[in-house]
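Biologist: I have a model open on my screen and would like to learn how to read one of its helices. Could you walk me through it?

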Amino acid sequence: MTLPAKTPRRRALACLALVSVGWGLGLQQVRAQGKETFLPTPTSLRAAALVAQSKSEPLVLLVSLPGCPWCELLRRNYLAPMRLDGLQAYQITVNDRSLVVTDFRNQANHGAGIAEAFQAKLTPTVLFLGADGTELAPRIEGVASVDLVGALLDARLLAARAALRAGR
């Protein structure tokens, strides 16, 4: 039995196919650009967050994985350019157990431990943090849409900035 073209199931499948094509095109664009972009890793999360707060900005922390095309999309197209404009954006690598980073409790840790402490289980995860390590806006976990990730990032930055102004 064939389904009529206008059934909800057919429409849903057609939408899924279009989204998959969009994701594929976004990934091809990232892969075609070659070498990965990197954001710096802070030596101290608290110190980086205090610098960010002094500029009325959240500390933006990307939890990343080497070779992750979605992480690269966020770094190259959004976070690295925003960093050039003064945003305090850094990254930690979820599987790094060698680079020492002082956490918000002033204890030596590494990327894997920090990702675990924030319960960041997906890459990319973008955290918007205050000076004490509290999340000022909902995190971004994964990339659901190449077309909407910039707007989502902007919205979360606005929310984090508003939380800073409100004294949270």
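Modeller: Gladly! Let's begin with a term: a residue counts as buried when its relative accessible area is under 20%, and as exposed when that area is over 50%. Keep in mind that this is a predicted model.

Biologist: Thanks. Which residues are buried in helix 5?

Modeller: In helix 5 the buried residues are Val149, Gly150, Leu153, Arg156, Leu157, Ala160, Ala163 and Leu164. These residues lie on the same side of helix 5 because they cover an arc of only 145° around the axis. The face turned away from that buried side carries the exposed residues Leu158 and Arg165.

Biologist: And what covers the buried residues of helix 5?

Modeller: The cover includes strand 1 (59-64), helix 3 (69-84), strand 5 (125-129) and strand 6 (140-141).

Biologist: How many residues does helix 5 have, and what does it reach from its first C-alpha to its last?

Modeller: Helix 5 has 17 residues and reaches 24 Å, close to the 24 Å expected at 1.5 Å a residue. After the helix comes glycine 167, with a positive phi near 85°.

Biologist: Now to a charged side chain. Which side chain of opposite charge is nearest to arginine 156?

Modeller: For a salt bridge, look for a side-chain nitrogen of Lys or Arg within 4 Å of a carboxyl oxygen of Asp or Glu. Here the nearest candidate is glutamate 141, 8.0 Å away, and the buried arginine 156 has no salt bridge.

Biologist: What does the side chain of arginine 156 reach at 2.8 Å?

Modeller: That is the backbone oxygen of arginine 139. Farther along the sequence than four places, arginine 156 touches Phe128, Ala137, Pro138, Arg139 and Ile140.

Terms used
Residues are numbered from 1 along each chain as its sequence is written. This is a predicted model: local features need pLDDT of at least 70, side-chain atom pairs count only at pLDDT 80 or more; totals for chains, interfaces and linings use all residues. Side-chain values use heavy atoms; hydrogens and water are left out. Buried means under 20% relative accessible area, exposed over 50%, partly exposed in between (1.4 Å probe, protein chains only). Lys and Arg count as positive and Asp and Glu as negative; His and the chain ends are not counted. A polar contact is a pair of N or O atoms within 3.5 Å; within protein, one must be able to donate a hydrogen and the other to accept it, and residues adjacent in sequence count only if both atoms are side-chain atoms. Contact means heavy atoms within 4.5 Å. Helices (H or I, at least four residues) and strands (E, at least two) are DSSP runs, numbered from the N terminus. The expected span of a helix is 1.5 Å times one less than its number of residues. The arc is that of the directions from the helix axis to the C-beta atoms.
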